[in-house]
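Trainee: I'd like to go through this structure with you and ask how each label is earned. Could we put it on the screen?

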Amino acid sequence: MIAGLFDSGVDITHADLAGQVKASASASCVGGIADPSQAVWSNDVIGHGTFTSSMIAAAKNNVGIVGVAPNVTLAMVKVAVDDFNDPNFGQVFADAFVCAIDWAIAHNWDLINASLTIDPFTAPDNDTFCSDQPDRAAIVKIVRRAVLEAARNKTTLVAATGNFFTDLGNLDEIIGGTNCKQLPIQSPRVIGVSAVGVTRQLSFYSNYGFTAVDLTAPGGDGLIPNPANPSTTASGQVLGAVPPGSLFYQAAADWDGQVQDCTSGTCQTYAFLQGTSAAAPHVTGVAALLISRFGKQTPEQLLVKMSLSATPLACPPSPYDPGDTGQPATCRGPAFYNNFYGAGEVDALAAVR
């Protein structure tokens with residue numbers, strides 16, 4: 001089976017990922033045209049794709065970390081603009097996303113991890129697509145068609161909700177538009193994932209909302225250090241593999257989040273980071289375990305299995321505003337399904353039993 005990622009590339013030389021990425025199933029789709037050149041898709045100057053890949057499948061090799069599904073085969077389609085001189089640096093456009101869906105179907109991916117939000121081609125750059133914006137409405141239709149085609153081929157897309165502490169189920173009122181969505185998280189047949197920290201409460205940055213959240217998973221929360229790891233105040237975040245020269249590794253120095261493991265003779269680099277980008281690959285990893293055990297499945301079959309085995313999480317008291325945004329959130333619904341956590345926190349062992 002193949003658990004693939006739409007991301008910023010992947011460092012295939014990192015000890016936790018070496019030999020696990022299928023080159024023939026990987027490419028770059030930046031610009032909307034598939035380029036299978038390994039030199040392009042395996043170059044991860046941002047570090048995001050290496051980080052998310054390690055959440056899914058970092059090897060159990062006595063180095064660094066262990067992923068949720070450490071023996072799974074990975075693939076990568078680079079979709080994020082990674083030219084530092086490009087004003088669109090870091091963005092993901094619909095042409096790259098649809099190109100990536102076509103590639104994933106053609107190369108028989110089982111899973112797609114999309115720790116991303118599709119960006120609009122036009123201002124304002126608010127990552128939101130409303131039906132009363134003709135140019136953006138067309139993008140919704142194109143993305144929706146691509147995602148449905150993936151699902152028809154039993155290629156399941158797991159997506160992150162995003163990191164702006166926003167109620168995605170109430171975008172019309174927030175944006176002042178009609179039938180507003182963020183993509184791909186609010187496309188049909190997508191499994192949406194919010195983030196929690198060590199206390200299992202919604203992370204201070206995590207988006208939420210009915211129509212978006214199906215499950216939650218560890219994404220870290222820098223406001224709540226992990227008492228089991230007092231070595232750094234960054235321990236409330238999630239530790240993952242990153243290339244040493246990447247933007248993410250360099251940035252992690254600002255919060256004492258850089259880690260090196262030199263036990264193998266060559267120092268491997270890691271970073272404590274946080275975001276729904278870290279939560280989504282935890283769910284993708286559990287889905288990979290399910291497919292490995294029970295065979296290829298539809299998105300609905302995977303979601304049912306993970307939902308029934310998830311740990312229900314009750315709503316915290318409202319108003320909820322741990323990041324002091326001044327725009328507190330309201331959690332609605334019972335522990336077994338609410339707008340913060342969906343069906344609850346994904347549980348790998350319970351899912352495969």
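**Labels and the values behind them**

Mentor: Let's start with a pair of cysteines: Cys 29 and Cys 99 are both buried. Keep in mind that this is a predicted model.

Trainee: What makes Cys 29 and Cys 99 a disulfide?

Mentor: Their sulfur atoms are 2.1 Å apart, and the cut-off is within 2.5 Å, so the pair counts as a disulfide. The two ends come from distant parts of the chain, 70 residues apart: Cys 29 is in the loop between β2 and α1, while Cys 99 belongs to helix α3.

Trainee: Why is the disulfide of Cys 29 and Cys 99 called left-handed?

Mentor: Because the torsion about its S-S bond is about -65°. The link of Cys 130 and Cys 180 is right-handed, with 105° about the S-S bond. That second pair also links distant parts of the chain, 50 residues apart.

Trainee: How do you know that Cys 130 and Cys 180 are joined?

Mentor: Their S to S distance is 2.0 Å. The limit is 2.5 Å, so this pair is a disulfide as well.

Trainee: Why is Cys 315 called partly exposed, and what is Cys 331, buried or exposed?

Mentor: Cys 315 has a relative accessible area of 25%. Buried means under 20% and exposed means over 50%, so Cys 315 falls in between and is partly exposed. Cys 331 has 11%, which is under 20%, so Cys 331 is buried. These two cysteines are joined by a disulfide, S to S 2.1 Å.

Trainee: How many disulfides does the structure hold, and what pattern do they follow?

Mentor: There are four. With bonded cysteines counted along the chain, the pattern is 1-2, 3-4, 5-6, 7-8.

Trainee: Moving on to Asn 113, why is this residue called buried?

Mentor: Its relative accessible area is 0%, which is under 20%, so Asn 113 is buried. Asn 113 lies in strand β4, and its contacts include Phe 6, Val 158 and Pro 281.

Trainee: What makes the link between the side chains of Asn 113 and Thr 284 a polar contact?

Mentor: The two side chains are joined at 2.7 Å. The limit for such an N or O pair is within 3.5 Å, so the distance fits.

Trainee: And why does Pro 281 count as buried?

Mentor: Pro 281 has 0% relative accessibility, and the cut-off is under 20%, so Pro 281 is buried too. Pro 281 is found in helix α7, and among the residues in contact with Pro 281 are Thr 52, Met 55 and Ser 115.

Conventions. Residues are numbered from 1 along each chain as its sequence is written. This is a predicted model: local features need pLDDT of at least 70, side-chain atom pairs count only at pLDDT 80 or more; totals for chains, interfaces and linings use all residues. Side-chain values use heavy atoms; hydrogens and water are left out. Helices (H or I, at least four residues) and strands (E, at least two) are DSSP runs, numbered from the N terminus. Buried means under 20% relative accessible area, exposed over 50%, partly exposed in between (1.4 Å probe, protein chains only). Contact means heavy atoms within 4.5 Å. A polar contact is a pair of N or O atoms within 3.5 Å; within protein, one must be able to donate a hydrogen and the other to accept it, and residues adjacent in sequence count only if both atoms are side-chain atoms. Lists of a residue's contacts leave out its neighbours within four places in sequence.
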